[in-house]
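Colleague: I should like to learn how to read a structural model. Please take me through one, step by step.

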Amino acid sequence: MFNRCQGLPDDPCPKGRCDASVRNSICDLFLCPDRSSINVARPPVSPADYESMTPIQQFAVDSGTNEMHQILFVCDEAGSGKIEVALKICEHFTG
Ligand SMILES: [Zn+2]
């Protein structure tokens, strides 16, 4: 029993694949390799080095890169450095 590739909302699967290559993927969609490798965000590098971050930013980066944590909320005032944290976490997962 295989799952059929659902494709992406703006990019349906052209082949309608339904075989062992179709796996539960981004956003809980069942996608074949053709579709699961596209539409991946490529965020810019964080403007801040980890070493130059505040202790609370470093804590947030550490929490966000801990794969035991599936969801992380980062809340603070505008200009507090949330974007630097988010981009640093993205760097960890994009390699
Ligand atoms: Zn597909």
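Modeller: We shall go from the overall layout to one helix, its packing and two single residues.

Modeller: This is a predicted model, in which local features need pLDDT of at least 70, side-chain atom pairs count only at pLDDT 80 or more, and totals for chains, interfaces and linings use all residues. Residues are numbered from 1 along each chain as its sequence is written.

Colleague: What is the mean pLDDT of the protein?

Modeller: The term pLDDT is the predictor's confidence in each residue, from 0 to 100. Here the mean is 85, and 89% of the residues reach 70 or more. Among the elements, helix α1 (residues 33–36) has the lowest mean, 70, whereas α2 has the highest, 95.

Colleague: How many helices and strands are there?

Modeller: Helices (H or I, at least four residues) and strands (E, at least two) are DSSP runs, numbered from the N terminus. The protein has three helices and two strands, and their order from the N terminus is β-β-α-α-α.

Colleague: Which residues of helix α2 are buried?

Modeller: A residue is buried if 20 or more other C-beta atoms lie within 10 Å of its own, exposed if 12 or fewer, and partly exposed in between, with C-beta atoms placed from the backbone. Of the 95 residues of the protein, 15% count as buried. In α2, which spans residues 55–64, the buried ones are Q57, A60 and V61. Seen down the axis of α2, these buried residues fall within an arc of 100°, the arc being that of the directions from the helix axis to the C-beta atoms; they therefore line one face of the helix. On the other side of α2, P55 and F59 are exposed.

Colleague: Why do residues three or four places apart point the same way?

Modeller: An α-helix has 3.6 residues a turn, so residues at that spacing share a direction.

Colleague: What covers the buried residues of α2?

Modeller: The cover includes α3 (82–94). The two helices, α2 and α3, pack at an angle of about 35°, with their axes 9 Å apart; axes are lines fitted to C-alpha atoms, for helices over the stretch in contact, and angles run from 0 to 180 degrees between N-to-C directions. Their contact is made by Q57, A60, V61 and G64 of α2 and E84, V85, K88 and I89 of α3. Two residues are in contact if their C-beta atoms, placed from the backbone, lie within 7 Å.

Colleague: Is G64 of α2 close to I89 in sequence or far from it, and what does G64 touch?

Modeller: G64 and I89 are 25 residues apart in sequence, with 5.9 Å from C-alpha to C-alpha. Not counting residues up to four places away in sequence, G64 touches L72, V85 and I89. G64 is partly exposed, because 19 other C-beta atoms lie within 10 Å.

Colleague: Where is C18 found?

Modeller: C18 lies in the segment before β1 (23–24). C18 counts as partly exposed, because it has 15 C-beta neighbours inside 10 Å. Leaving aside neighbours within four places in sequence, C18 is in contact with F2, R4 and C5.
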